[in-house]
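Trainee: I should like a close look at a single part of this model. Please begin with one loop and follow the chain from there into the packing around it.

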Amino acid sequence: MAETALINNIEAPARPAGWRGIAADWSSDQRAFKNVSWGKAMMWIFLLSDTFIFSCFLLSYMTTRMTTTVPWPNPSEVFALTIGDKKIPLILIAIMTFILISSSGTMAMAVNFGYRRDRAKTAALMLATAAFGATFVGMQAFEWTKLIREGVRPWGNPWGAEQFGSSFFMITGFHGTHVTIGVIFLIAIARKVWRGDFDVGRRGFFTSRKGHYEIVEITGLYWHFVDLVWVFIFALFYLW
């Protein structure tokens, strides 16, 4: 009884204030990530690190644009597309943006049907998402080809500040690489879903856990991130 009373009389250590208190709460909670798979946790960590990289690229671009003494090329003129005899500003970029945002919808539906164990619809929607992504990359390749023919280089361009070319190729190229990787990954996972690898637990990449379609959701996390990054690129590089 005396020991119990002594224990009850011991006051708990004071909780640190501010961010230190939040960190102490999370570090002491052993259940915080108990039910999160390694695959999903690692994807979130990867996306966080990728966020820093894209943020550095965009901040460098904005700093360069605001500090350069040479006029920055007008995006409405640079990215205009001639259809017939009329130049339409940003029409190609608007179509690319619509395609990529639409692909987020098909990816979300694929995740939904994946957790319902509907193999056919999940695979079909993932392939549709991959088709949207491949179309986006193809249109981006057309955009690059057009600008290169018009004289845009990483070290100069015909319209203004020399940094425009390097910023454009660096940011859009890095994002396009992410989209290309996503398309390849979508096709690979869609093939596994269609064959029923997740239902039988067939040995191979991402298929060792029988009955688990979580890799579809993990792929969706990556794809939604790629789409979200493009929204910032579209706003800051093409509309600004």
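Mentor: Leu90 sits in the loop between strand 2 (86-88) and helix 5. In this predicted model, its phi is near 60°, a positive value in a residue other than glycine. Leu90 counts as buried, because its relative accessibility is 14%, and the cut-off for that class is under 20%.

From this loop the chain enters helix 5, and a second loop, between helix 5 and helix 6, contains Arg117. Arg117 likewise is not a glycine and has a positive phi, of about 65°. Its relative accessible area is 42%, so Arg117 is classed as partly exposed.

The two helices joined by that second loop deserve attention as a pair. Helix 5 covers residues 91-115 and helix 6 covers residues 119-149; they pack with their axes 8 Å apart, at an angle of about 160°. The pair is therefore roughly antiparallel, since angles over 145 degrees fall in that class. The crossing of helix 5 past helix 6 is left-handed. Sorted by class, their contact has 16 nonpolar, 8 polar and 2 charged residues.

Both helices also take part in a wider assembly of side chains. The largest nonpolar core has 55 residues, and those touching the most other members are Phe79, Met126, Val216, Trp230, Phe237 and Tyr238. Two or more residues of this core come from each of helix 3 (38-67), helix 5, helix 6, helix 7 (163-195) and helix 9 (214-238). The greatest contribution is that of helix 9, with 14 residues. In soluble globular proteins, nonpolar side chains tend to be buried together.

Two of these core residues show how the surroundings are put together. Val216 belongs to helix 9, and its relative accessibility of 1% means that Val216 counts as buried. Setting aside residues up to four places away in sequence, Val216 touches Met107, Ala110, Val111, Thr122, Met126, Ile189 and Val193. One of these partners, Met126, is itself among the core residues that touch the most other members. The C-alpha atoms of Val216 and Ala190 are separated by 8.5 Å, although the two residues are 26 residues apart along the chain.

The second is Trp230. Beyond its neighbours within four places in sequence, Trp230 is in contact with Ile93, Met96, Thr97, Leu100, Phe136, Gln140, His175 and Tyr238. Tyr238, too, appears among the core residues with the most contacts to other members.

Helix 7 offers a further point of comparison through His178, which is found there. His178 has a relative accessible area of 7% and is therefore buried. Apart from residues up to four places away in sequence, its contacts are with Asp50, Phe54, Tyr222 and Val226.

Finally, the part examined may be placed within the whole. The secondary structure of the protein chain consists of 9 helices and 2 strands, arranged along the sequence as α-α-α-α-β-β-α-α-α-α-α. Of its 240 residues, 39% are buried. Among contacts with a separation of 6 or more, 70% link residues 24 or more positions apart.

Conventions
Residues numbered from 1 in each chain as written. Predicted model: local features only at pLDDT ≥ 70, side-chain atom pairs only at ≥ 80, totals over all residues. Heavy atoms only, no water. Axes fitted to C-alpha atoms, helices over the stretch in contact; angles between N-to-C directions. Helix = DSSP H or I, 4+ residues; strand = E, 2+ residues; numbered from the N terminus. Parallel < 35°, antiparallel > 145°, perpendicular 65-115°, else oblique. Left-handed = near helix turned anticlockwise from the far one by under 90°. Nonpolar A, V, L, I, M, F, W, Y, C, P; charged D, E, K, R; others polar. Core = buried A, V, L, I, M, F, W, Y, C linked by side-chain atoms within 4.5 Å. Buried < 20%, exposed > 50% of the residue type's maximum accessible area, 1.4 Å probe, protein only. Contact = heavy atoms within 4.5 Å.
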